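What follows is a guided walk through one protein structure, meant for someone meeting it here. Please keep the sequence and the 3D view open while reading.

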Amino acid sequence: MKAIRYCEYGSPDVLKLEDVEKPMPKDNELLVRVRAASLNFIDAGLVRGPWVLRLLAGLRKPEFTGFGEDFAGVVEAVGKNVTEFKPGDEVFGGKRGSVAQYVCVRKDRVALKPANVTFEQAGAVKHAGLTALQGLRTGKIHAGQKVLINGASGGVGTFALQIAKAFDTEVTAVCSTRNVEMARTLGADHVIDYTKEDFTKREERYDLLFDNVSNHSMAERRRILNPDGICVLAGIGSAGPTQELLGRIVRGLGAGLWSRFTDHKFAQYTTRMDQADLKFLSDLMAQGKVKPFVEKTYPITETAEALRYFEQGHARGKIVITVE
Ligand SMILES: NC(=O)c1ccc[n+]([C@@H]2O[C@H](COP(=O)([O-])OP(=O)(O)OC[C@H]3O[C@@H](n4cnc5c(N)ncnc54)[C@H](OP(=O)(O)O)[C@@H]3O)[C@@H](O)[C@H]2O)c1
């Protein structure tokens, strides 16, 4: 089968389409014919290989050479312990090395794809959708809250916006000028264009700040929180090289530590695979409450080009790779 591989760290040029052996499912695995996969911040980071990731991914060269993690596709075969899925089922989920014609994936890392979403949309869900859902839950989201999403137009942000609306909250989205209309279309009650206005200078107060960018100081963010408001430290902006990266990491980590001594909580979390959460997202999609927003699709032969675009840092929603 064909699969995208990278055997050295570097720019997107290191991604190559290669012939590799088709995997065989173990007893508790499904063999899935991949139809679509999508790009995430972590995929870009693993290819670039900054030293902090090399400690986990291989010091001199990547130990695991497959690319991507999210996917959607059709079950082709199942292991002997799999009763929950059968050949022909349409599924989505996560498995490293997903930008390939086939993946073998554990049965607890997938969910059924609702019929009303395309493979391209479903292939965009796993990482960004779980990050948005688990982050909002870390912020104890509930109906009636006022929620602000900083960085509402990218992969995680477009899910966070729609999921927050599904929880019946009043949502303010922060994005750049070109994405203002998109944020409204996705359901935002209010939109702030960060190129024209600094949301931390407003009089408005929020119960939950879902911060995808961490480009403001802790004091600035505390200013716009209600007395028992919470800031969820979801991310540090877009993938790709940026001079502001170190500052954002320090601001994020610093806020998490300092908030132990303040009345406002700044909560960090790490996205984890959780099949119940995947099913929850599947239900939201089936009900039409969440529609994964895909800006561009690229064929698998143009994966490097897709990553180059993603690394520019201004993707709208998700960037998807299609696999024929
Ligand atoms: N906590 C976790 O476990 C976890 C897991 C996954 C991802 N993440 C984090 O989530 C973050 C977002 O990932 P992603 O995949 O959604 O990235 P993405 O698709 O590249 O989106 C990033 C968005 O950030 C926006 N942005 C950039 N500068 C901004 C600014 N100054 N103010 C407001 N928005 C700004 C961009 O919008 P414009 O084009 O409008 O500028 C872009 O749409 C990443 O930092 C990643 O590390 C965290």
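Asp13 has a relative accessible area of 47% and is therefore partly exposed, in what the reader should keep in mind is a predicted model. The side chain of this residue meets that of Arg308 in a salt bridge, with 2.5 Å from N to O. Because Asp13 lies in the loop between E1 and E2 while Arg308 belongs to helix H10 (residues 303-311), the pair ties together parts that are 295 residues apart in sequence. Arg308, with a relative accessible area of 32%, is partly exposed. The pairing can also be followed a step further, since Asp13, Glu305 and Arg308 are linked in a network of salt bridges.

Side chains of opposite charge can pair when their charged atoms come close. In this model the count of salt bridges comes to 24, and two further pairs are described here. Asp277 forms a salt bridge with Arg137, where the closest N and O atoms are 2.6 Å apart. This pair links distant parts of the chain, with Asp277 in helix H9 (residues 275-286) and Arg137 in helix H4, 140 residues apart. As for their surroundings, Asp277 counts as buried at 5% relative accessibility, whereas Arg137 counts as partly exposed at 35%.

The other pair consists of Arg223 and Glu203, whose side chains meet in a salt bridge at 3.8 Å, N to O. Here too the pair links distant parts of the chain, for Arg223 is in helix H7 (residues 218-223) and Glu203 is in the loop between E10 and E11, with their positions 20 residues apart in the sequence. Arg223 counts as partly exposed at 35% relative accessibility, while Glu203, with a relative accessible area of 63%, is exposed.

The loop that holds Glu203 is also where Thr200 is found, between strand E10 (190-193) and strand E11 (206-211). Thr200, however, counts as buried, at 2% relative accessibility. Its side chain makes a polar contact with the side chain of Asp198, at 2.7 Å.

Other loops hold buried residues as well. Tyr6 has its place in the loop between strand E1 (2-5) and strand E2 (16-19), and at 3% relative accessibility Tyr6 counts as buried. The C-alpha atoms of Tyr6 and Ile141, which are 135 residues apart along the chain, are separated by 39 Å. Gln101, found in the loop between strand E5 (90-94) and strand E6 (102-106), has a relative accessible area of 17%; because buried means under 20%, Gln101 falls on the buried side of the cut-off. The side chain of Gln101 reaches the backbone oxygen of Glu324 at 3.4 Å.

On the surface, attention can turn to a group of nonpolar side chains. Trp51, Val52, Leu55, Leu56 and Leu59 form a nonpolar patch there, and together they have about 660 Å² of accessible area. One of these residues, Leu59, lies in the loop between helix H2 (51-57) and strand E4 (70-78), and with a relative accessible area of 59% Leu59 is exposed.

The last stop is the ligand, and which residues come nearest to the ligand? There are 28 residues around the ligand, and of these Ser176, Tyr194, Ile236, Gly237 and His314 come nearest. By class, the shell is made up of 10 nonpolar and 18 polar residues, with no charged residues.

Individual atoms of the ligand can then be matched to atoms of the protein. An oxygen atom of the ligand is 3.0 Å from an N or O atom in the side chain of Ser153, and a backbone N or O atom of Val156 lies 2.7 Å from an oxygen atom of the ligand. A nitrogen atom of the ligand, in turn, has a backbone N or O atom of Ala234 at 3.1 Å. On its own the ligand has 930 Å² of accessible area, and the protein covers 91% of that area. The elements that contribute two or more residues to the surrounding shell are helix H4 (126-138) and helix H5 (155-166), and helix H4 is also the element in which Arg137, the salt-bridge partner of Asp277, is found.

Terms used
Residues are numbered from 1 along each chain as its sequence is written. This is a predicted model: local features need pLDDT of at least 70, side-chain atom pairs count only at pLDDT 80 or more; totals for chains, interfaces and linings use all residues. Side-chain values use heavy atoms; hydrogens and water are left out. Patches are made of residues with over 30% relative accessible area and no salt bridge: like charges are joined within 9 Å, nonpolar side chains (Val, Leu, Ile, Met, Phe, Trp, Tyr) within 5 Å. Accessible areas come from the Shrake-Rupley method with a 1.4 Å probe; for residues, only the protein chains shown count as cover. A salt bridge is a side-chain nitrogen of Lys or Arg within 4 Å of a carboxyl oxygen of Asp or Glu. Helices (H or I, at least four residues) and strands (E, at least two) are DSSP runs, numbered from the N terminus. Buried means under 20% relative accessible area, exposed over 50%, partly exposed in between (1.4 Å probe, protein chains only). A residue is near a molecule or strand if one of its heavy atoms lies within 4 Å of it. A polar contact is a pair of N or O atoms within 3.5 Å; within protein, one must be able to donate a hydrogen and the other to accept it, and residues adjacent in sequence count only if both atoms are side-chain atoms. Ala, Val, Leu, Ile, Met, Phe, Trp, Tyr, Cys and Pro count as nonpolar, Asp, Glu, Lys and Arg as charged, and the others, Gly among them, as polar.
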